[in-house]
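Here is a chain to be examined through the reasons behind its labels. Each question asks what justifies a description, and each answer sets a value against a cut-off.

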Amino acid sequence: MAAYTVIIGGHFWGGCLLLVIAVGRVITLRSWRTLGVMAGVLLLMAGYLALREHQLRQRELSYLHSSPVSLRLRVQPDAISVRGAAYYLTARVATTGEPVLIHGRVKTAGELAALKRVSVPQLWVIRGQQQGILPATNFGQFDAAKYWRRRGIVKTIAVTELTSQQPARSTLYGWFSDWWHSWRARLIHYCEGLPGALSVYALGLFPGQKRAETALELQGMRQLGLLHLFAISGMHVALLLGVLTWVLVHLRLAREHWEWLLLLGLPGYFILAGGGSGVLRACLMRGLQLFGKRIGRPIGTLDAWASALVGGLVLNPGLLFELGGQLSYGLSLALILLANERVHWRQIGLTLLSLPSLLSGVFQWHFLTLLANWVIVPLFPTVILPLTVVGTLCGHYLPIVSQWAAAILGKFDELLGWFGKLPGNVVFGQPVWWLTWVWVALTWGLFTRPVVQRRRWIFGLLASYGLAYGLIHVPFSGEVTYFDVGQGDSILIREPYNRRISLIDTGGRLGFREPDWVPRLPATYAATRTSLAYLRSRGITHIDDLYLTHHDADHIGDLPAFLQDMRVGRILVPAGMEREPSWQYLLHGSRVPVQPIKVGTVMPLKVLHPFEAAPAENANSLALQGSFGGHNFMFMGDLDRPGEQKILDAVPQLRTDVLKLGHHGSKTASAPAFLAQTKPQWAIISAGRQNRYGHPNQETLATLSDLKIPAVSTQTSGMIRYSYHGTHGFWQTKLKGDQET
């Protein structure tokens with residue numbers, strides 16, 4: 001079943017290889033009954049997945065266009081997530097039962113307070129705009145469309161009006177689920193009221209919920225690769241169930257009674273704990289073993305694990321493609337199979353088995369992770385979990401205890417954050433998928449060898465990691481990449497062997513002042529999910545030259561994210577911008593030198609504009625030019641038509657092969673005379689989907705059509721990348737594939 005889901009999930013040949021190994025293993029058993037069971041399971045799984053895919057295709061919508069819709073939705077109270085004035089949730093269409101993603105904004109402080117108090121199932125009547133879920137539009141970016149499709153969701157609805165909101169009645173078959181969802185909502189509200197770090201830990205461990213502050217509070221755990229201690233691995237579920245078992249035993253209740261009670265309560269606890277892949281695995285394993293015990297047919301740990309994997313694959317066919325599923329099932333299998341190993345070998349095994357998944361998912365690893373796992377994992381059941389439980393139980397009744405627990409957990413996380421900042425974090429980059437499979441296979445092979453031979457295996461493994469690291473960090477090819485950052489600009493220029501890495505603009509969002517009643521949230525930057533994620537996937541940790549074309553937020557708003565995550569050599573701005581105070585706050589006290597440039601300044605990229613110092617508005621935007629892989633590129637920022645004419649007056653014979661249109665394809669730029677003179681073979685447009693400005697303008701598109709200049713836009717193609725070696729290369733877009741040149 002695992003092999004079959006890998007085949008249909010996108011790794012056809014890898015899944016086929018896994019299937020051949022599985023079938024070959026069954027054939028060697030010489031058991032026709034086992035072979036027949038395997039064939040039957042494959043046929044059932046194939047039919048189930050084919051029917052599921054057919055239903056999803058019938059419900060699919062375009063992610064490029066929206067349409068009006070009016071719906072009645074059934075909403076579970078614990079599904080509502082509020083961030084500032086915005087809310088997000090999953091709901092079901094009341095008439096069809098179809099699951100959908102919902103997002104909207106409240107208009108008053110009263111609406112916000114009421115939304116946060118919801119604790120029973122609701123029936124909503126809404127009006128809004130529906131469309132398909134946008135897939136990952138940049139390489140290295142999390143693919144939300146695939147994630148939700150695996151859960152049967154293919155539509156998202158932007159609510160424009162919530163016309164009615166009232167409690168929903170529970171059906172005969174749905175009351176059990178509704179009851180547990182209501183209790184989970186109350187638990188979330190209770191944990192949100194706890195102080196400081198205790199709130200974050202309690203939310204993560206008990207209802208499996210995240211909030212805006214989680215990324216900041218748990219930065220140390222994230223950096224050291226310890227997040228599997230939370231709902232990712234399901235470890236806390238086993239610990240909590242163990243504690244509950246201990247309590248019931250010492251209450252001297254009849255074992256057959258409380259075991260049946262625990263068994264019947266596990267589906268509810270699955271809902272209460274958030275329903276993640278780790279929680280599912282832990283609940284299924286515990287439930288199967290309890291059931292086998294009660295019916296007199298004991299089920300071994302390995303059989304329980306395998307059965308839990310089957311259940312997980314049925315509920316989520318993409319389980320093995322998700323980092324949480326890989327870590328939860330992979331680490332739990334390792335704990336089972338390495339149970340007889342010595343402690344240090346077991347820790348080495350857990351680290352080596354989790355490393356391929358971490359490198360594929362987050363592209364980095366910290367050398368202190370091994371030490372952190374060795375020290376922190378034993379502290380989790382003995383200190384962290386009890387402290388969180390005691391602090392949570394005391395809550396509103398003994399707030400002093402909760403405050404002490406929050407303070408201790410906060411200090412603990414500060415200590416982890418300090419360790420996480422120590423030298424040793426390696427941005428490895430994203431290895432090819434088949435290599436991660438080889439690493440996992442070699443790691444398991446390591447533990448089939450006698451202890452005296454394992455050092456040579458480890459040396460070979462580390463050598464393969466070192467070779468992969470070198471190929472990622474010193475690539476033979478270069479690239480010119482136009483990121484899809486929505487309504488904004490960000491362009492990467494990376495020369496072969498990473499000799500020089502330049503970035504033109506960072507992207508960003510135009511900010512709008514929120515009313516005073518909207519809670520203030522930690523600053524977030526879209527670049528962490530788009531361009532920075534891609535840079536990490538390529539093993540890039542530094543930028544030599546960071547060009548800021550002008551001071552508009554959609555071009556430089558994400559600058560703080562780059563200054564925090566990257567080593568930047570220098571910041572280059574149009575002459576005059578260095579004196580403007582309006583954007584200096586983005587530097588956050590950074591010591592990176594800011595250098596003004598204009599025409600005549602000697603730079604790796606040729607400066608075409610500006611000619612003199614002036615305020616860094618569109619009219620004074622940087623325009624740059626360079627040659628890479630046999631093509632000449634021009635990057636126009638937001639330069640307008642008068643600026644284009646100045647360039648033509650200064651360089652009458654100006655030509656280019658690839659032109660990044662100025663001002664996102666607006667009619668204020670890309671004058672017909674400028675396009676006719678430069679004669680580009682390709683025009684690149686960077687603009688947001690369904691943006692309020694109407695970019696690119698139809699007049700600009702008509703001009704390109706009249707001059708027979710093909711245009712490629714991030715709106716429809718996503719990231720646009722030209723990869724080259726020497727004077728040859730090929731174009732590749734995230735959404736529309738490749739084209740040789």
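The exchange below concerns a predicted model and moves from the whole chain to its aromatic pairs.

Q: What makes the chain as compact as a globular protein of its length?
A: In this predicted model the chain has 26 helices and 23 strands. Its radius of gyration is 28 Å, and the globule rule, which is 2.2 Å times the number of residues to the power 0.38, gives 27 Å for 741 residues; the two values are close, so the chain is as compact as a globular protein of that length. Along the principal axes, the C-alpha trace spans about 95 × 65 × 55 Å.

Q: How many of the contacts in the chain between residues at least 6 apart in sequence join residues at least 24 apart?
A: The share is 68% of those contacts, where a contact means heavy atoms within 4.5 Å.

Q: Why is the pair of tryptophan 345 and phenylalanine 447 called edge-to-face?
A: Two rings pair if their centres lie within 6.5 Å, and planes over 60 degrees apart count as edge-to-face. For tryptophan 345 and phenylalanine 447 the centres are 6.2 Å apart and the planes make 85 degrees, so both conditions are met and the label follows.

Q: Why can this pair be said to tie together parts that are apart in sequence?
A: Tryptophan 345 belongs to helix H15 (residues 343-361), whereas phenylalanine 447 sits in the loop between helix H18 (433-446) and helix H19 (454-473), so the pair ties together parts that are 102 residues apart in sequence.

Q: Why do tryptophan 345 and phenylalanine 447 count as buried?
A: Buried means under 20% relative accessible area. Tryptophan 345 has 10% relative accessibility and therefore counts as buried, and phenylalanine 447, at 11%, counts as buried too.

Q: Why is the pair of phenylalanine 633 and tryptophan 731 called tilted?
A: The ring centres of phenylalanine 633 and tryptophan 731 are 6.2 Å apart and their planes stand at 50 degrees. Stacked planes are under 30 degrees apart and edge-to-face planes over 60, with the rest counted as tilted, so this pair is tilted. Phenylalanine 633 lies in strand E17 (residues 631-635) and tryptophan 731 in strand E22 (residues 728-733), so the pair ties together parts that are 98 residues apart in sequence.

Q: How do you know whether phenylalanine 633 and tryptophan 731 are buried or exposed?
A: Set against the cut-off of under 20%, phenylalanine 633 at 0% relative accessibility counts as buried, and tryptophan 731 at 7% counts as buried. Both residues also belong to a cluster linked by ring pairs, together with Tyr482, Phe628, Phe635, Tyr722 and Tyr724.

Terms used: Residues are numbered from 1 along each chain as its sequence is written. This is a predicted model: local features need pLDDT of at least 70, side-chain atom pairs count only at pLDDT 80 or more; totals for chains, interfaces and linings use all residues. Side-chain values use heavy atoms; hydrogens and water are left out. Helices (H or I, at least four residues) and strands (E, at least two) are DSSP runs, numbered from the N terminus. Rings of Phe, Tyr and Trp (its six-membered ring) pair if their centres lie within 6.5 Å; planes under 30 degrees apart count as stacked, over 60 as edge-to-face and the rest as tilted. Buried means under 20% relative accessible area, exposed over 50%, partly exposed in between (1.4 Å probe, protein chains only).
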